Amino acid sequence: MLPLFFLGSQGLGNVPVVGAVAQYLPDQAGAVILHMAGPPEDMRFGRDFGPWAGVGILGLWAAVALAAGYLVLGRRDA
């Protein structure tokens, strides 16, 4: 299990069951934003979403992280 932790979403993308969900992780969405064009059969470019949807996914991850931080800070702060 420890090697999967260090491989991150690149390693988890090779597991068939997890691969469909791993493409929506923040690093993968950011990679789609940064790559302009490429062959569709290449895994870096063959996603279910384009660059603008990748921006939305990355923004959604940021909003979830901010909301979680707000809730934790509200619960733990005196």
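This section describes the fold, the confidence and selected residue environments of a predicted model.

The protein contains four helices and zero strands, and its elements follow the order α-α-α-α from the N terminus on. Confidence across the predicted model averages a pLDDT of 78, with 67% of the residues reaching 70 or more. This confidence is unevenly spread over the helices, being lowest in helix α1 (residues 2-12), where the mean is 62, and highest in α4, where the mean is 92.

Of the 78 residues of the protein, 15% count as buried, and the accessible surface amounts to about 6,100 Å², of which 72% belongs to carbon and sulfur atoms. Among the contacts in the protein with a separation of 6 or more, 33% are accounted for by residues 24 or more positions apart.

One of the buried positions is glutamine 23, which is located in the loop between α2 (16-22) and α3 (26-34). Glutamine 23 is classed as buried because its relative accessible area is 8%, which falls under the 20% limit for that class. When its neighbours within four places in sequence are left aside, glutamine 23 is in contact with Gln28, Ala29, Arg47, Asp48 and Phe49.

Aspartate 48, one of these contacting residues, is placed in the loop between α3 and α4 (51-76). In contrast to the buried glutamine 23, aspartate 48 counts as exposed, because its relative accessibility of 62% lies over the 50% limit. With residues up to four places away in sequence not counted, aspartate 48 touches Gln23 and Tyr24, and the contact with Gln23 thus joins a residue of the loop between α2 and α3 to a residue of the loop between α3 and α4. The C-alpha atom of aspartate 48 is also separated by 9.5 Å from that of alanine 20, although these two residues are 28 residues apart along the chain.

A further feature of the surface is a nonpolar patch of about 230 Å², which is made by Val15, Val17 and Val18. Of these residues, valine 17 is found in helix α2 and is classed as exposed because its relative accessible area is 70%, a value over the 50% limit for exposed residues. Valine 17 therefore combines an exposed position, at 70% relative accessible area, with membership of the nonpolar patch that also includes Val15 and Val18.

How values were computed. Residues are numbered from 1 along each chain as its sequence is written. This is a predicted model: local features need pLDDT of at least 70, side-chain atom pairs count only at pLDDT 80 or more; totals for chains, interfaces and linings use all residues. Side-chain values use heavy atoms; hydrogens and water are left out. Helices (H or I, at least four residues) and strands (E, at least two) are DSSP runs, numbered from the N terminus. Buried means under 20% relative accessible area, exposed over 50%, partly exposed in between (1.4 Å probe, protein chains only). Contact means heavy atoms within 4.5 Å. Patches are made of residues with over 30% relative accessible area and no salt bridge: like charges are joined within 9 Å, nonpolar side chains (Val, Leu, Ile, Met, Phe, Trp, Tyr) within 5 Å. Accessible areas come from the Shrake-Rupley method with a 1.4 Å probe; for residues, only the protein chains shown count as cover. A salt bridge is a side-chain nitrogen of Lys or Arg within 4 Å of a carboxyl oxygen of Asp or Glu. pLDDT is the predictor's confidence in each residue, from 0 to 100.
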